[in-house]
Amino acid sequence: MLITIDGPAGAGKTTVSRILAQRLGFRYVDTGALYRGVALAALAATIDIADDHGLEKMLKSLTIGFVVRDGVTRLMLNEQDVTDKIRSPEVTMAASAVSARPVVRQHLLTVQHALGSQKKAVFEGRDMGTVVFPDADLKFYLDASVEVRAMRRFNELKGQNRQSISQVEADIRRRDKNDTTRAVAPLRAAEDAIVIDASDLSAERVVEEMLTHVQQKYPETRG
C-alpha cells in the first residue's frame, strides 16, 4: 500500500512518518525536503523565487533525490548531502514560497510519482493526499495547535539558530497562511483523510493510532 501524511509545519509529521514507515517495513519519503532542496539551490544561485524562467532553467540541470545511510534518509542535491543545510529558517521560508510556483510543483510531481511507483511507502508532505497521490490507500492529516508546533520547532532548532520562541511562532503562522491560501495545491485535509490532533499526543501515541487504522483496513499488517 501507499500511505500519505499531510499537515502544517511543526505538527510532528517527520518523526511520526519515520516511525510508522519503520514499523511497517516501508520506505519513508519526506517530500518537503525536496522543496527545501530546490529552495536551497535557488538561494545559492541567487534566483528570485518569483522568476519562473530562472527556476525552470535551474531545475533542468538539478539532480535531486534520496539515499539511505546507516538507516537514515539523506537528501542529495547535485550529489552533495544537504540534509542539514535545508533546515535553516531562511530555507524554510523560501521553501514555502517556492512550493507555490507551478513550474517547481510540476517538476517535483514527476519525481514524487517515480518514488511512489513501487508502493510500500509513507509519503510526508503538504498535498500528498490531495494532489500528488489522491488515490493513496490510506491518508492521514496530522495537526496540532500553533503554540505546540512552535515549541516543537523551537526545540528542534536549538543550537542551530538564534530565533526566540515568539519568532518561531510568527514564522509558523506566516507559513500557515502562505500554505493554506496559495492558489496552487493549498494545504488542506483530503476529504477521505483521517485527521489526528497531536497537540497532546506523543509521537509514539500518534503512530499507535495510525497503526490501528492501518490494521483495521489491512488485517494482514497485524503483528
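Which residue in β5 is the bridge partner of Leu77? In this predicted model, that partner turns out to be Gln80. Two bridges in total join β4 to β5, and the two strands run antiparallel. They belong to an open sheet of three strands, ordered β3-β4-β5 and paired in antiparallel fashion. β3 and β5 (80–81) sit at the edges, each pairing on one side only. As for what holds such an arrangement together, strands of a sheet pair through backbone hydrogen bonds, either parallel or antiparallel. A helix comes in here too: α2 (residues 31–44) lies across β3 and β4, and runs at about 35 degrees to β4.

Now to the pockets. The largest one has a volume of about 830 Å³. Its lining takes in 49 residues, and the ones closest to the centre are Thr14, Asp30, Arg87, Glu124 and Glu156. Sorted by class, the lining of this largest pocket comes out as 18 nonpolar, 17 charged and 14 polar residues.

The second largest pocket holds about 340 Å³ of space. Here 14 residues make up the lining, with Arg27, Tyr28, Val68, Gly71 and Thr73 nearest the centre. Strands β3 (64–69) and β4 (72–77), already met in the sheet, each give two or more residues to this lining, and so do α1 (13–24) and β2 (27–30). As to residue class, the lining of the second largest pocket has nine nonpolar residues, alongside three polar and two charged ones.

Terms used: Residues numbered from 1 in each chain as written. Predicted model: local features only at pLDDT ≥ 70, side-chain atom pairs only at ≥ 80, totals over all residues. Heavy atoms only, no water. 1 Å grid on protein atoms, 1.4 Å probe; cavity = no way out; pocket = protein on both sides within 12 Å on 5 of 7 lines; lining within 4 Å. Points joined across faces, edges and corners; volume = space filled by probe spheres on them. Nonpolar A, V, L, I, M, F, W, Y, C, P; charged D, E, K, R; others polar. Helix = DSSP H or I, 4+ residues; strand = E, 2+ residues; numbered from the N terminus. Pairing = 2+ DSSP bridges. Contact = heavy atoms within 4.5 Å. Axes fitted to C-alpha atoms, helices over the stretch in contact; angles between N-to-C directions.
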